[in-house]
Amino acid sequence: MKTVGIGLLGAGIVGGSLIRRLVEEHSAIEAKTGLNLELRRVAVRDFAKERSIALDAAVLTIDPVDVVDDPNVGLVVEVMGGLEPAGELVLRALRAGKPVVTANKALLAARGPELIAAAEESGVPLLFEAAVGGGIPIIRPLSETLAGEQVQRVVGIVNGTTNFMLTRMSEDGASYRDALEEAQTLGYAEADPTADIGGGDAAAKAAILASLAFGMWAGIDNVYHQGIDSLTSADMKWAAELGYTIKLLAIAERLEGGVNVRVYPAMLPVAHPLAAIRGSTNAIFIEGPSIGELLFAGPGAGGEPTASAVLGDVIDAAREILAGAQVAPRIQLSSAELVPFEDVQTKWYVRLEVDDQPGVLAQVAGEFGRHGVSIKSVLQEGTGDDATLMIVTHRAAESQQRAARSSLEELDNVRSVASVVRVESAAP
Ligand SMILES: NC(=O)c1ccc[n+]([C@@H]2O[C@H](COP(=O)([O-])OP(=O)(O)OC[C@H]3O[C@@H](n4cnc5c(N)ncnc54)[C@H](OP(=O)(O)O)[C@@H]3O)[C@@H](O)[C@H]2O)c1
């Protein structure tokens with residue numbers, strides 16, 4: 001029997017599900033893989049907390065260093081979350097030559113190169129399938145199966161909370177506030193939902209996806225991100241009228257001159273495969289010259305799906321330990337050549353509240369034209385004193401679109417630029 005001792009940092013939502021699998025499905029895993037995965041140490045913060053699976057008191061500790069340093073632990077699973085002490089513990093394990101499996105996207109996005117370099121130096125795996133897309137296999141397909149593909153673009157719906165909220169807003173007319181409250185009641189949104197609704201969580205995942213897709217480190221600081229907090233149900237209604245739906249997208253794209261990585265809410269044509277991704281489901285859409293289009297979709301969070309991805313990594317790492325081979329790096333650590341967001345060509349949807357007077361439309365079109373932005377379509381609603389103009393532009397550099405927006409705000413007959421949402425379609 002091939003035995004590997006597992007040390008677990010954290011026994012919360014993901015860790016709790018993993019413990020259940022390792023205990024209850026021990027024989028089934030052994031029968032399927034030939035591996036005897038023994039849970040030897042588990043670190044938690046609160047010793048007295050009730051757990052769904054009772055663990056031997058000798059296994060539990062409140063000092064996570066005990067787990068990493070235990071000579072009977074050959075493989076460390078980090079599911080405690082946060083940057084510290086998780087970061088130092090992962091480094092400590094890797095430097096001690098212990099493979100690490102983590103689900104911590106925030107840590108990877110912040111300190112990925114340092115952790116990957118430590119894993120390389122020790123020749124042990126650092127695996128993180130659960131860090132993006134929860135239970136969806138996406139890290140391994142990108143870093144291994146598609147390693148030879150010149151990936152053009154990765155577009156993901158990688159935050160279940162915001163996708164749930166946007167679905168409620170677009171399909172049921174829920175207000176932003178009601179949708180957020182419902183997401184919190186159902187346990188999709190954290191008590192402090194800032195990272196979800198502000199786009200920070202999706203940005204960390206976008207940085208990881210970009211690094212795998214393009215084989216170089218993109219860096220979280222280079223990811224432009226905007227959340228969904230300025231969207232209203234009126235935007236949803238108008239999007240539908242124009243044949244679009246609004247999704248929070250994480251986009252990593254190969255452009256002339258380099259790579260751009262960004263997160264923002266965008267209108268997608270209703271026929272786009274990602275437009276059909278509803279509720280808390282996540283999906284990642286990959287475009288490449290040889291594979292064409294690939295769609296990976298499924299549960300992006302939750303204890304059981306996420307633990308499934310973690311367990312897959314544990315089995316993979318255990319096999320590598322037992323094979324005794326030095327592990328080749330899966331990501332090159334050179335920095336990506338980056339295209340600044342201001343230079344990225346995007347289409348914009350702009351909703352303007354204007355005075356309903358002759359010549360206003362011409363004035364508006366003139367301001368767009370002055371900044372080199374041409375208009376694709378215009379829809380007007382309202383009679384009397386005021387009107388609403390819904391404008392979709394052709395592609396222009398982000399900097400030009402922003403300059404046009406600023407000019408519009410200066411026009412006397414424009415009461416407000418009520419909303420701006422970028423419009424995405426196929427790769428340019
Ligand atoms: N939840 C998901 O659906 C999901 C999906 C994908 C990825 N992830 C990632 O998975 C990781 C874990 O998430 P989670 O939802 O399982 O978190 P969680 O429910 O908050 O669990 C965290 C666990 O870590 C323990 N812990 C925290 N700080 C500690 C410390 N300083 N010393 C010892 N133990 C400590 C906690 O102990 P106590 O139990 O005593 O409080 C708890 O057991 C995060 O990186 C998260 O981003 C989660």
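Leaving out neighbours within four places in sequence, R351 is in contact with T232, A234, D235, W238, T388, L389, M390, S416, V417, A418 and S419, where contact means heavy atoms within 4.5 Å. This is a predicted model, in which local features need pLDDT of at least 70 and side-chain atom pairs count only at pLDDT 80 or more, while totals for chains, interfaces and linings use all residues. Residues are numbered from 1 along each chain as its sequence is written, and side-chain values use heavy atoms, with hydrogens and water left out.

Let us stay with R351 for a moment. R351 belongs to strand β13, residues 345-355; helices (H or I, at least four residues) and strands (E, at least two) are DSSP runs, numbered from the N terminus. Is R351 buried or exposed? R351 counts as buried because its relative accessibility is 9%; buried means under 20% relative accessible area, exposed over 50%, and partly exposed in between, using a 1.4 Å probe and protein chains only. The side chain of R351 also makes a polar contact of 3.4 Å with the side chain of Y349. A polar contact is a pair of N or O atoms within 3.5 Å; within protein, one must be able to donate a hydrogen and the other to accept it, and residues adjacent in sequence count only if both atoms are side-chain atoms.

Two of the partners of R351, D235 and W238, lead us to helix α11. This helix covers residues 233-241, and its buried residues are D235, M236, W238 and A239. The charged end of K237 sits over the ring of W238, 4.2 Å from the ring centre; for such a placement, NZ of Lys or CZ of Arg must be within 6 Å of the ring centre and within 35 degrees of the ring normal. After α11 comes G243, with a positive phi near 90°.

Now for the aromatic rings. How many aromatic pairs does a search of the whole structure find? The search finds 3 aromatic pairs. Rings of Phe, Tyr and Trp (its six-membered ring) pair if their centres lie within 6.5 Å, and planes under 30 degrees apart count as stacked, over 60 as edge-to-face and the rest as tilted. Y224 and F341 form a stacked pair, 4.1 Å centre to centre with 20° between the planes. This pair links distant parts of the chain, since Y224 is in strand β8 (residues 224-225) and F341 is in the loop between α12 (303-323) and β13, 117 residues apart. Y224 counts as partly exposed because its relative accessibility is 24%, whereas F341 is buried, with a relative accessible area of 6%. F341 also pairs with Y264, this time in a tilted arrangement with 5.9 Å centre to centre and 45° between the planes. Y264 is in strand β10 (residues 258-269), 77 residues from F341 along the chain, and both Y264 and F341 are buried. Together, Y224, Y264 and F341 form one aromatic cluster. R422 lies over the face of Y264, at 4.8 Å from the ring centre.

Next, look at N413, found in the loop between α14 (398-410) and β17 (414-423). N413 counts as buried because its relative accessible area is 17%. Its C-alpha atom is separated by 5.2 Å from that of D355, although the two residues are 58 residues apart along the chain. Apart from neighbours within four places in sequence, N413 is in contact with E353, V354, D355, Q357, V360 and Q363. With Q363, the side chains make a polar contact of 3.2 Å.

Stepping back, the domain assignment gives domain 1 (2-131 + 303-323), domain 2 (139-299) and domain 3 (341-423), with bounds that come from an automatic or database domain assignment. The C-alpha centres of domain 1 and domain 3 lie 52 Å apart.

Finally, turn to the ligand. Which residues are closest to the ligand? Among the 23 residues that surround the ligand, the closest are A11, V14, D46, R51 and G302, counting a residue as near if one of its heavy atoms lies within 4 Å. Ligand oxygen atoms lie 2.9 Å from a polar backbone atom of R45, 2.7 Å from a polar backbone atom of D46 and 2.7 Å from a polar side-chain atom of R51.
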